Amino acid sequence: SSRGAPRVGASGAPCVLHMNGSLAVNKHNLLEALRGALSADAAVRVPYEAALAAWEAAPGYATALLSVYESPPAGCGGAERLLAVLCLKAAVGRRWNERRSGEPAISDAEKAEVRARLLPATDEREPALASQLVLTAATIARLEGLAAWPALLPALTASCTRPAPLDAARGLSALYRVVKLQASRRLLAHRKAFFALSEQLHAPLASLRTSHARALLGRVQPLLGGPADQPIAGSGAGGEACALLAIKTERQLLLHGYARAHASQAALASVRDFVELAAAASSAELALRRALDACPLAPTAGAAAATADALLTADALLKVALVAAKS
């Protein structure tokens with residue numbers, strides 16, 4: 001086999017006894033190991049898993065995994081790409097910072113390349129891949145702080161305001177995961193950094209939350225006898241997810257981003273908004289049920305479809321209101 005590949009034993013599996021951190025990693029050999037690690041046969045799978053673990057200490061391992069994900073070779077399917085991202089997440093958790101003296105860690109140059117190549121993660125449309133890529137980025141931001149990755153926050157906030165609700169939801173999901181892990185950092189310096197982050201993010205998040213919550217309410221109003229307004233931006237598919245994620249992220253800021261939340265006008269305004277949203281959602285749900293009770297037993301197909309949409313929207317409003325109420 002080529003230089004850097006695991007040596008193969010009689011069983012056809014790599015002989016991991018010959019693996020060491022000085023071996024080079026290339027996409028071809030890495031793909032072979034990923035395929036082997038997906039085998040249902042434990043006799044084949046376990047040695048390949050050990051080979052991947054041994055490769056974590058090799059220079060270029062993290063970027064080679066990203067290459068398999070970004071530009072998969074012929075014959076590389078979704079399972080191999082997902083495993084590559086999972087291996088990347090594991091390597092970041094174990095090798096991003098040097099834990100013990102003499103233990104190999106990812107080099108500064110490779111770290112810079114990984115950061116740059118992870119930024120487009122919110123463009124990934126496959127949910128499983130997007131989730132793991134975002135978790136990897138959030139883990140990096142937690143390990144070294146947002147100051148070490150100045151391009152991350154602007155990229156995330158920009159992705160949250162995309163015109164298409166489903167695209168915006170992916171951006172909000174990424175921002176939520178990053179903010180949640182930042183909130184879990186407990187040293188005094190970390191707490192002060194999160195206070196500054198809350199001051200930076202709170203107003204834009206509150207605006208997004210208001211917009212998406214109004215969009216949900218706007219979808220219910222025509223069925224309650226209210227004015228049939230023009231469609232509100234964000235009222236299509238994905239609007240519920242945007243509202244929920246905006247509130248969940250804002251809640252992290254309220255819970256962890258203020259030394260004295262009761263003395264902050266921004267925090268108090270958000271709490272008032274949450275109470276009003278919960279009341280509006282409850283009123284809309286009650287009015288909708290009354291309207292349904294007054295409907296004929298055999299509605300037209302159009303009325304039935306509108307009713308079904310209204311019920312789904314009312315449920316979405318209630319979910320949003322419950323999340324807001326927990327704050």
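This passage describes the fold, the packing and selected side-chain pairings of one chain in a predicted model.

The chain has 327 residues, of which 43% count as buried. Its secondary structure comes to 12 helices and 2 strands, and the two strands precede the helices in the pattern β-β-α-α-α-α-α-α-α-α-α-α-α-α. Contacts across long stretches of sequence are a good place to begin: among those between residues at least 6 apart, 71% join residues at least 24 apart. Two pairs of positions illustrate the point in space. The C-alpha atoms of Thr249 and Lys180 are 69 residues apart along the chain and separated by 7.4 Å, while those of Ala147 and Ala193 are 46 residues apart in sequence and 9.0 Å apart in space. The surroundings of Ala147 and Thr249 can be set side by side. Ala147 sits in the loop between α6 (127–144) and α7 (152–160) and is exposed, with a relative accessible area of 77%. Thr249, in contrast, belongs to helix α10 (residues 239–256) and is buried, at 0% relative accessibility. Beyond its neighbours within four places in sequence, Thr249 is in contact with Leu172, Leu175, Tyr176, Val179 and Leu205.

Turning to the interior, the largest nonpolar core holds 61 residues, and the members that touch the most others are Leu30, Leu52, Tyr61 and Leu118. Helix α8 (residues 165–183) gives the most to this core, with 9 residues. A second, separate core has 7 residues, among them Ile247, Ala267, Phe274 and Leu277. In general, nonpolar side chains in soluble globular proteins tend to be buried together. Tyr61, one of the well-connected members of the largest core, touches Val25, Leu30, Leu52, Trp55, Glu56, Cys87, Ala91 and Glu110, leaving out residues up to four places away in sequence.

Tyr61 is also one of the buried residues of helix α3, together with Ala62, Thr63, Ala64, Leu65, Leu66, Val68 and Tyr69. Because 8 of the 10 residues of α3 (residues 61–70) are buried, this helix is largely enclosed by the rest of the structure. Which helices do the buried residues of α3 pack against? The partners are α1 (27–37), α2 (42–55), α4 (78–95), α5 and α6.

Tyr69 of this helix leads on to an interesting acidic side chain. A polar contact of 2.6 Å joins the side chains of Tyr69 and Glu124, the latter lying in the loop between α5 (108–118) and α6. Glu124 is buried yet has no salt bridge, and the nearest side chain of opposite charge, that of Arg81, is 4.0 Å away. Apart from residues up to four places away in sequence, Glu124 touches Tyr69, Arg81, Leu129, Ala130, Leu133 and Arg170.

Elsewhere, charged side chains do pair, and the count comes to 11 salt bridges. One of them joins Glu70 and Arg117, whose closest N and O atoms are 2.6 Å apart. Glu70 lies in helix α3 and Arg117 in helix α5, so this pair ties together parts that are 47 residues apart in sequence. Glu70 counts as partly exposed, at 38% relative accessibility. A second bridge, between Asp273 and Arg209, has an N to O distance of 3.1 Å. Since Asp273 lies in helix α11 (residues 265–293) and Arg209 in helix α9, the pair links parts that are 64 residues apart in sequence. Asp273 is partly exposed, with a relative accessible area of 29%, whereas Arg209 is buried, with a value of 4%. Other residues in contact with Arg209 include Ala246, Ile247, Glu250, Ser270 and Phe274. A more local case is the salt bridge of Glu49 and Arg45, at 3.6 Å; both residues lie in helix α2, 4 residues apart, about one turn of the helix. Glu49 is partly exposed at 37%, as is Arg45 at 23%. Finally, Glu56, Arg94 and Arg95 are linked in a network of salt bridges.

Why does the structure hold 0 disulfides where Cys160 and Cys242 are concerned? The sulfur of Cys160 is 8.5 Å from the closest cysteine sulfur, in Cys242, and is therefore too far for a bond. Both cysteines are inside the structure: Cys160 is buried, with a relative accessible area of 2%, and Cys242 is buried at 0%.

Key:
Residues numbered from 1 in each chain as written. Predicted model: local features only at pLDDT ≥ 70, side-chain atom pairs only at ≥ 80, totals over all residues. Heavy atoms only, no water. Buried < 20%, exposed > 50% of the residue type's maximum accessible area, 1.4 Å probe, protein only. Disulfide = S-S within 2.5 Å. Lys, Arg positive; Asp, Glu negative; His and termini not counted. Polar contact = N/O pair within 3.5 Å; in protein donor to acceptor, adjacent residues only side chain to side chain. Contact = heavy atoms within 4.5 Å. Core = buried A, V, L, I, M, F, W, Y, C linked by side-chain atoms within 4.5 Å.
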